[in-house]
Amino acid sequence: MEIVLAKRAGFCFGVKRATQMAFEAADKGGATYTLGPIIHSPQVVQKLEEMGVKVLKTLDNLDDGTIIIRSHGVTSDELEEATRKELEIVDATCPFVKKAQEHVKSLSLAGYDVVVVGDADHPEVQGIVSYAEGKVFVVGSWEEAARLPKMKKVGIVAQTTQSIENLKHVVLECLKKGGEIRVFNTICDATAVRQEEAKSLAREVDCMVVIGGYNSANTKRLAEVCVELQPRTHQIETAQELDPAWFAGVNRVGVTAGASTPKWLIDEVIDRIAVLDAEKKD
């Protein structure tokens, strides 16, 4: 059985940068925390915890130490609180996310009602929204955008892991809502490239395996675009979840991974697939 790995599977620039900053902070020792998981990979979070880095939900009971801002960013209030408490801040926010935050702030200050295209429950979106000074709406689809009120000036940004197609559909709906529209394409190139690679690979194989945290938005979307083209698509977090039955009658299996998936997890999955293939021949 041939195993085909997507060229750009795994860590993107922002995640690689964030994890490197987190491990460097952990190496320095002292009381070190992350506000929320540093990235959406439970395995990486566990490794940091083993080094003494604790995950906090809030800063309520923290008065000193080092706080690492996760790659998805945090709300403006949380960042202000960390500054007010004079904590040592390691800001590992992805530069693409930071740019989306800045656009929301500048648009709202310029008098635009802001529309953020994304998942309202995702921490990245919650952080982006918090930088708005005026009205802000979160929509996940063109159907939700169709329910928006009429607005004079509309400013649009996107969660970095959104698909370009979804952004286009929302923008078209927003054209019906306002006389003036300003759009910033804040989708990360790494996300778009991974999705296009995954689509191409899914068309060429008999089975797809998508590796990444179940709480990872970009991994979930990778699995969604793959299953549309290859119904035999399976998302997993670790090699232990692989089911030998998935590979029955399979000649080529494609493997890709979300932007928060470390290389060592990808390697373990590929090795495990090879073992299952060998066992199948026996």
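Student: Which strands does helix α3 (residues 76-84) lie across, and at what angle to β5 does α3 run?

Tutor: This is a predicted model. In it, α3 lies across β2, β4 and β5. α3 runs at about 145° to β5.

Student: What is the strand order in that sheet, and how do the strands pair?

Tutor: The order is β3-β2-β4-β5. These four strands form an open sheet, and the pairing is parallel.

Student: What makes β3 (53-56) and β5 (88-91) edge strands?

Tutor: Each pairs on one side only. From one strand to the next, the twist averages 30°.

Student: How do you know that strand β4 (residues 66-69) and β5 pair?

Tutor: Count the bridges. Pairing needs at least two. β4 and β5 have four, so they count as paired, in the parallel sense. Within β5, D91 stands opposite I69.

Student: Why could helix α1 (residues 13-27) be called roughly antiparallel to β5?

Tutor: The direction of α1 makes about 150° with that of β5. The cut-off is over 145 degrees, so about 150° qualifies as roughly antiparallel. α1 packs on the sheet and touches β2 (32-35), β3, β4 and β5.

Student: Now the other sheet. What is its strand order?

Tutor: β1-β12-β10-β11, an open sheet of four strands with parallel pairing. At the edges are β1 (2-5) and β11 (233-236), each pairing on one side only. The twist here averages 20° from one strand to the next.

Student: What makes strand β10 (residues 207-211) and β11 a pair?

Tutor: Four bridges join them. At least two are required, so β10 and β11 qualify. They run parallel. M208 has T233 in β11 as its bridge partner.

Student: Which strands does helix α8 (residues 189-204) touch, and how is α8 directed relative to β12 (252-257)?

Tutor: α8 packs on the sheet, touching β1, β10 and β12. Its direction makes about 170° with that of β12. That is over 145 degrees, so the two count as roughly antiparallel.

Student: How do α8 and helix α9 (residues 217-229) cross?

Tutor: Their axes come within 9 Å and cross at roughly 30°. Angles under 35 degrees count as roughly parallel, so α8 is roughly parallel to α9. The crossing is right-handed.

Student: Which residues meet there?

Tutor: From α8: R194, Q195, A198, K199, A202 and R203. From α9: R221, L222, V225, C226 and L229.

Student: How do the residues of that contact divide into nonpolar, polar and charged?

Tutor: Six are nonpolar, one is polar and four are charged. Arg and Lys count as charged, so R194, K199, R203 and R221 fall in that class.

How values were computed. Residues are numbered from 1 along each chain as its sequence is written. This is a predicted model: local features need pLDDT of at least 70, side-chain atom pairs count only at pLDDT 80 or more; totals for chains, interfaces and linings use all residues. Side-chain values use heavy atoms; hydrogens and water are left out. Axes are lines fitted to C-alpha atoms, for helices over the stretch in contact, and angles run from 0 to 180 degrees between N-to-C directions. Contact means heavy atoms within 4.5 Å. Angles under 35 degrees count as roughly parallel, over 145 as roughly antiparallel, 65 to 115 as roughly perpendicular and the rest as oblique. A crossing is left-handed if the near helix is turned anticlockwise from the far one by less than a right angle, and right-handed if clockwise.
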